[in-house]
Amino acid sequence: MKTTTYECLTRLHTRHGPRIFGKICQKFVALAFRAGGSSHVVERGVQGVDVDAIWGTERYALEIRTTRTNSVPFLSKDVDGLASRRQDGYRPMLGALQLRVLARWYFANAAFLRPGPLTFDAMRPIRHRELEGRVQPLFDTVVERYFEETLAGSQAYLDHLLRQHGVCVECETLSSP
Amino acid sequence: MLVPRRLVVQGFRGFREPVEFHFTQPATLLFGENRSGKSSTLNAIEWCLFGDDCIGKQTGIRERIGWIVPNGHMSAADACVELELANSKNSYVIRRTLRKGAKKALVGELELRFSDGTSCTADVAQQRLAQLVKAEFRDFMTTVYQHQEAVRAVLTQEPRERNDAIDRLLGLSVYRNLLDALAKVKAAERQRAMRAQFDAFEQRVQTALQTRQRDLEELRVEAASAGVPLPKEANALARATRLQRLLDEFATDSGLAPQPIALPGSWTELPAFETAARQAVVWLRTEMPSTKEQRELYARQQGLLKLKTDWEQAGVGRDALGRGTRELDVEFGGQRAVAAELSATLLSIEEGRIQLRQANGRAALVNEAIAYLEQAGAEPADTCPLCSHSAPDLLTALRRQWQEKLQAEVATIDGRIQELTQRKKKLEVGAQRYRDLNEQLQRSLQRLTLCRKEIGDRLGRTLGDDDDPLPILVAELEAIEECGRKLRAVVEDKHRRLEEAEQELRRIRLIHGVVHSEEKKRTLEAIQESPPFKALEAARDAVAEWVCDLEAVRASVAAVAHEEAGAKLKAAERTIDTYFRALTRHPAVQGVRLQLEEARGQRNSYEVTDQDGKDLTPILSQGDLNALALAIFLGLASASADSDLGFVMLDDPSQSLGSEHKKQLVKVLDDVAQNKRLLLATMDREFRTLLADHLQKAKTEYAFGEWGPETGPRVTRDNPS
């Protein structure tokens, strides 16, 4: 990701804490898909797969994870949730982002994943590089554009923004600590 | 089924000359002490069938690592083993040779002869042999040839080593070796090390980013305080254009030719512009006419001030000299008076000296007279020699009188001369002082004259003796001061304009600093897009895939090893149980099962349990474990009753067995011999006797005598049955 994106995300992480930061990134991803021309995007702050996106002829169901470490948790309920979306014709994906200066989004084919802690190295062989290449610059742009307001307003602002952009939002907004 | 019929061993291991064995009976016993050649005989069969496959680490047998086939005690011997196998229809002679070729290289040869008289060699022979035997070396080890080492390893208490041994008994060494090799690659560790290095690199980038961000923020604050709230490249370029115009206008206003300064096309050209503009400002400051004028005025002022000082100092000097002269006049009455008095004094001194000389002359005369009188001592001393009158003590009186008068006179003259001399000295000093003062006064007057001329020259006019230079100078200096005041105001105004230009230059420099810092930050960002970084990412991907592939291979190998072990154990399960119970007759063991633990993607792990699944290991003795190893081997051998190889080779099977165990082993072997020919090697006399007495099949015995390097094994044939 761009260094400016990294700096913005670092400030958001510091301001809101890891849990809400994860939710914010999830909403940024939804906005990035929408900005990239996804015809239908669902962002869930509640139970279920985090983001659904239809992009061209492809349908993606994404579990989103953010971390400062080398691995992310991938739970049985995530497997179940993605399997359910798979039955509806969605490609199950795990979107993971390390909050590090030289990191970028990993979109891994979740059909190959088993529950447990998942290192970024383990995700490498099953990355969807083409999707990563499309989403990362959009994500950078979204973060740069909405950073200041997000820093001040957090999720409520982003939910409003998502709705404005035609994203279906199923939310249970968490409050900042 | 193929059974061995004849074996000829020559130059193999401890063998020298050809030794021939015949396996015509269902059982053949090789009996002899340790190192007598029994195991080498069995090894010869193995090598003849499998060649290099039975040598090396992959066999899972430690002694086979670095195993030497040709007899090491013979200088130029070839190893040659000939084995005749036969089934109900045909016989086959397999001849394997290892010749010493050029440069001590060993050349292997294989020949296969058929009962119809035909034969084949090399690859064809190898291919035909494989078709004939229909077993790989690992199968041979599992079902035909029971190695001592494989049995010994089962006896270990270390679970991992026992699992290894059982794997070997089951012919799974190749899988275990593969798993060992995969583990030695340490792929995950290498990947972790690679990640650690990358993390360290990333940490350095992060630190650099933080440093640059801090620098950038400081520069932005400085720029804002200098009146540049938005330090952008375009802003700097616009400021540069304005500054250039400002400097041009200034030059024109000052009557100077504008300095050519190249305008920057981008932020990278700002430093060059700044340098050129700064030089232009310095030049303008130096070269603008008002500055020059001010400088000249200042120089003139300084020159006149110096002349004024010189004039004043010369005047002061002259006055001091006048005062000195007047003081001398008071003291001496004037220079002429000093000269006159000095002349008079000199004359008086001369007169005094004459008087003194005269007095001295008289004194000399009188002295001579007195001396004469004293020399004429014949005369009475109290008579005057001139008038002959009585003059008592005349000489004494004369001398005293003379001395008194003379001394008084000389003293007076001396005193006067002294006074005059002192006065003379004082007058001489006075005269000298007059001369000095006169000289100084002359010089002072010359200096004044010179100074006056210089002042006149500087002011551009002639100063006569009537003119007082001082007021003229003061008036001129006042005029210069006034002019300087006016000029200073003009120069200060111009300097203000140039200072503004310099302020603008500082702002441009600050903007450049900000833009440059931003650019440096962008270079960090560009790392991700750089070819080396992309190559590194690709390499990390490749490593990740490699690790993933290795893991898949490892899991597959483990799964196959597990599956094959399960199948073999299942096939031989009942026989193993039967043989084990028959061998041990353990009162606490009603049944034995060799349980293969559930596959967990790792190496095979076995558990010896009773019929209820209870772990038996803690209650099994070394003999029991040996019996277990034999039961496994013999069970697998019997389970492969439909194999093409119809014989079993056991090397020292009675090791660690007690008498009862041995007795039971003979019974088990009797059972095995129903389907297989037995080749047994032992050093155990008790076991030999038991075999002779209780093995119901006909048997041949080869006795192995003492082995010697020069003789090889001493083998004799006996037929106990």
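Strand S4 (residues 79-86) of chain B has 6 of its 8 residues buried, so S4(B) is largely enclosed by the rest of the structure. Buried here means 20 or more other C-beta atoms within 10 Å of a residue's own, exposed means 12 or fewer, and partly exposed is in between, with C-beta atoms placed from the backbone. Strands (E, at least two residues) and helices (H or I, at least four) are DSSP runs, numbered from the N terminus.

A word on conventions: this is a predicted model, in which local features need pLDDT of at least 70 and side-chain atom pairs count only at pLDDT 80 or more, while totals for chains, interfaces and linings use all residues. Residues are numbered from 1 along each chain as its sequence is written, and chains are lettered from A and ligands numbered from 1 in the order in which they are written.

**Around S4 of chain B**

Two strands pair with S4(B), where pairing requires that DSSP finds at least two bridges between them. Strand S1 (residues 3-10) of chain B runs antiparallel to S4(B) and is joined to it by 7 bridges; within that pair, Leu7(B) has Leu83(B) as its bridge partner. Strand S5 (residues 91-100) of chain B is also antiparallel to S4(B), over 8 bridges, and there Val81(B) stands opposite Arg96(B). S4(B) and S5(B) make a hairpin, with 4 residues between them. Strands of a sheet pair through backbone hydrogen bonds, either parallel or antiparallel.

**A mixed sheet**

Elsewhere in chain B, 6 strands build an open sheet with mixed pairing, in the order S8-S11-S12-S3-S13-S14. Strand S8 (145-146) and strand S14 (715-718) of chain B are at the edges with a single partner strand each, so one side of each has no neighbour in the sheet. S14(B) runs antiparallel to strand S13 (residues 699-704) of chain B, and 4 bridges join them. In this pair, Tyr702(B) is opposite Arg717(B).

**Two helices side by side**

How do helices H6 and H14 of chain B cross, and at roughly what angle? The axes of H6 (residues 173-185) and H14 (residues 531-584) of chain B come within 9 Å and cross at roughly 155°. That makes H6(B) roughly antiparallel to H14(B). For reference, angles under 35 degrees count as roughly parallel, over 145 as roughly antiparallel, 65 to 115 as roughly perpendicular and the rest as oblique. The axes are lines fitted to C-alpha atoms, for helices over the stretch in contact, and angles run from 0 to 180 degrees between N-to-C directions.

From H6(B), the residues that meet H14(B) include Leu178(B), Leu179(B) and Leu182(B), and their counterparts in H14(B) include Val553(B), Val557(B) and Ala561(B). Residues are in contact if their C-beta atoms, placed from the backbone, lie within 7 Å. The residues of this contact divide into 11 nonpolar, no polar and 2 charged. Ala, Val, Leu, Ile, Met, Phe, Trp, Tyr, Cys and Pro count as nonpolar, Asp, Glu, Lys and Arg as charged, and the others, Gly among them, as polar.

**Some individual residues of chain B**

| Residue | Location | C-beta neighbours within 10 Å | Class |
|---|---|---|---|
| Ser173(B) | helix H6 | 25 | buried |
| Arg433(B) | helix H12 (residues 394-459) | 18 | partly exposed |
| Arg585(B) | loop between H14 and strand S9 (593-596) | 13 | partly exposed |
| Ala122(B) | helix H2 (residues 122-133) | 12 | exposed |

Ser173(B) and Gln58(B) are 115 residues apart in sequence but 7.2 Å apart in space, C-alpha to C-alpha. Beyond its neighbours within four places in sequence, Ser173(B) has contacts that include Thr59(B), Arg138(B) and Asp167(B). Arg433(B) and Thr325(B) are 108 residues apart in sequence and 8.6 Å apart in space, C-alpha to C-alpha.

Most residues other than glycine have a negative phi. Ala122(B) has a positive phi, near 50°, and the phi of Arg585(B) is also positive, near 50°.

**Chain A and its contact with chain B**

Chain A has 4 helices and 8 strands. Of its 177 residues, 45% count as buried.

The contact between the chains takes 17 residues from chain B and 10 residues from chain A. H7(B) gives the largest share of the chain B side, 7 residues. By class, that side has 6 nonpolar, 4 polar and 7 charged residues.

Key: Two residues are in contact if their C-beta atoms, placed from the backbone, lie within 7 Å.
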